[in-house]
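Trainee: I would like a close look at a single part of this model, with its surroundings brought in step by step. Could you take me through it in one connected account?

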Amino acid sequence: MNRDILVIGAGVLGLSSALHVKRLNPGRSVAVIDRLPGPGQGNTAKAAGIYLNLHTTRVNYLLGDSTIDWLYHLQGGLGYQIGLHQYGYLYLLDEGRYEKLKRAIPRARGLGVEVRTYEAEELGPLIPDLTMEFGDEEAEQMGLKPITGGVLGVKCGNVDPDALAQSLEAEFTKLGGEVFYGTEAEGLTIKPKMELGLPGEPYVWQDLTVTGAETSRGPIEAETTVVAAGVWAERLLAPLGFDPLMRPKNRVIFVFDDPRLRRLRLTLGFSEVGSLPFTSIPGTSVYLKGDPSEGTLWLGCADDLGRRYGLEDDPQPERGLYEDNIYHALVRYLPCFEGVRPVNSWAGQRAVNMLDRTPVVAPGPGMIYVGSASGYGITKSDALGRAVAALYMGEEEAELYGGRRLRVGDIGIDGRNVGKETFKV
Ligand SMILES: Cc1cc2nc3c(=O)[nH]c(=O)nc-3n(C[C@H](O)[C@H](O)[C@H](O)COP(=O)(O)OP(=O)(O)OC[C@H]3O[C@@H](n4cnc5c(N)ncnc54)[C@H](O)[C@@H]3O)c2cc1C
């Protein structure tokens, strides 16, 4: 098989890249392959579905904010039901973190982020289930700190990652793009740009380029290969000697439908959506999400130090992670969790950029890498797809949805220029 552009991976980043490359190059043949049987079935399907623009660096803000505008266009303009609910992202904070984030707010506002702050006395009535002060020895031993304030990103909320992947696939195939599921890339094909046909090639003095991939469906030749294989990208890139600045790490989600959590889930007062915002609980690596469409409450655990790096094909939540671990602190901040157990849980892997936790779009010979999205690839997916398309077309800047521009080299590897981010990336 022979195509102009081959995209490896049908997660949000591969599909978004394929869509924008095809949109801007309608005459070129673009094929996406994925070893799984449908769109977004890798880590995209494992995601919590947070979208957010609460950032202090221009790059992260542009990636997030323009993608959010595109998501609303997909739903409102193009008619895809992708489960958008704008109910905010709330950081509940102890004194030290509250003061630190408050200092960063002018920078965020300067970029255009809508942010609200809440003092402790305002939070109390808004989240009656929340304990903000402890004053007992056990809490002190556990290192639990009183909550002294909150910071809310307003243009943040929930998207359904499965529905998003399906809508991107539909838009891509509408333009004539092809998708082949159940097709695994076994390795990238690397050849000298000028083959001599001699034994022992390639020689170290020859210029090498990626010319496609060996796949379970046979070889696919392509002028440009986009590697969008998520955490599995390292399997394809390591033999090439290409470092995507990424290491895989597990993340776990638990789902609750217990009626004792109903009042918390239906917290009003932060947005017009009758739901608790995405809420991060201080000092616990835990965040909560109300799911208005299913009436459930999700708990994500994003612990970092102490959790090992390493690629896993079928990661699972560790036994006892909720009951014997998270629960002890959670129930102190939110006593409504007393005796409540999850009805479902799963684990996935995020592709952590070890340098600055911001995604990478970078060229190699005959290829483009997109990934290293560090747990926030959904909320930046559209802008990253547009950056891939710009790179493919040899342009320095990508035009993002809504017309704003991003220098693609800023999220590359050589000449990377992201800056230091204060909020989560
Ligand atoms: C528990 C959890 C919660 C998360 N929550 C959020 C969130 O709330 N918001 C957010 O923005 N992000 C979140 N993320 C991160 C988000 O899921 C990722 O950033 C995003 O899905 C990355 O998309 P991707 O296309 O790079 O990867 P993937 O969706 O993993 O896609 C890669 C695809 O490549 C395919 N593939 C790999 N190797 C090959 C090969 N050799 N041949 C063929 N196909 C191959 C895989 O099958 C897969 O379908 C979360 C992640 C996890 C694990």
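Mentor: Let us begin with a pair of residues in a hairpin: V360 stands opposite G371 in β18. The model is a predicted one, and in it strand β17 (residues 360–364) runs antiparallel to strand β18 (residues 367–371), the two being joined by five bridges. Two residues lie between the strands of this hairpin, and G366 takes a positive phi near 75 degrees there.

From the hairpin we can pass to the core. The largest nonpolar core holds 125 residues, and V361 is listed with I8, V227, A387 and V388 as having the most contacts inside it. Because domain 1 (2–80 + 161–245 + 355–411) and domain 2 (89–154 + 248–353) both give residues to this core, it lies between them. V388 ties several stretches of the chain together, since, leaving out residues up to four places away in sequence, V388 touches V361, I368 and V370 as well as S17, H20, V21 and V226.

After the hairpin the chain enters the loop between β18 and α10 (381–392), which is the place of S374. Although S374 is not a glycine, its phi is positive, at about 55 degrees. S374 counts as buried because it has 23 C-beta neighbours inside 10 Å, where 20 or more are required. A comparable backbone feature appears at L245, a residue other than glycine whose phi is near 55 degrees and positive. L245 is found in the loop between α7 (233–237) and β12, and, with 20 C-beta neighbours inside 10 Å, L245 also counts as buried. Most residues other than glycine have a negative phi, and most peptide bonds are trans. Against that background one may also note the cis peptide bond that joins E201 and P202, with omega about 0 degrees; P202 has its place in the loop between β9 (185–192) and β10 (208–215).

Helix α1 offers another way back to this part of the chain, through S16, which is found in that helix. S16 counts as buried because it has 32 C-beta neighbours inside 10 Å. Its contacts, again without residues up to four places away in sequence, are L168, S381, D382, L384 and G385. By contrast, S16 and G320, which are 304 residues apart in sequence, stand 37 Å apart in space from C-alpha to C-alpha.

Helix α1 also leads to the ligand. There are 41 residues around the ligand, the closest being G11, G42, G230, G348 and G377, and the elements that give two or more residues to this shell are α1 (12–24), β12 (246–256) and β16 (344–353). By character the shell divides into 18 nonpolar, 17 polar and six charged residues. Both domain 1 and domain 2 give residues to the shell, so it lies between them.

That brings us to the division of the protein into domain 1 and domain 2. The contact between them takes 27 residues from domain 1 and 25 residues from domain 2. On the side of domain 1 that touches domain 2, helix α2 (residues 58–77) gives the largest share, three residues, and the residues of that side divide into eleven nonpolar, ten polar and six charged. The centres of the two domains, taken over C-alpha atoms, are separated by 31 Å.

Notes:
Residues are numbered from 1 along each chain as its sequence is written. This is a predicted model: local features need pLDDT of at least 70, side-chain atom pairs count only at pLDDT 80 or more; totals for chains, interfaces and linings use all residues. A nonpolar core is a set of buried Ala, Val, Leu, Ile, Met, Phe, Trp, Tyr and Cys residues joined through C-beta atoms within 7 Å. A residue is buried if 20 or more other C-beta atoms lie within 10 Å of its own, exposed if 12 or fewer, and partly exposed in between; C-beta atoms are placed from the backbone. Domain bounds come from an automatic or database domain assignment. Two residues are in contact if their C-beta atoms, placed from the backbone, lie within 7 Å. A residue is near a molecule or strand if its C-beta atom, placed from the backbone, lies within 6 Å of it. Helices (H or I, at least four residues) and strands (E, at least two) are DSSP runs, numbered from the N terminus. Ala, Val, Leu, Ile, Met, Phe, Trp, Tyr, Cys and Pro count as nonpolar, Asp, Glu, Lys and Arg as charged, and the others, Gly among them, as polar. Two strands pair if DSSP finds at least two bridges between them.
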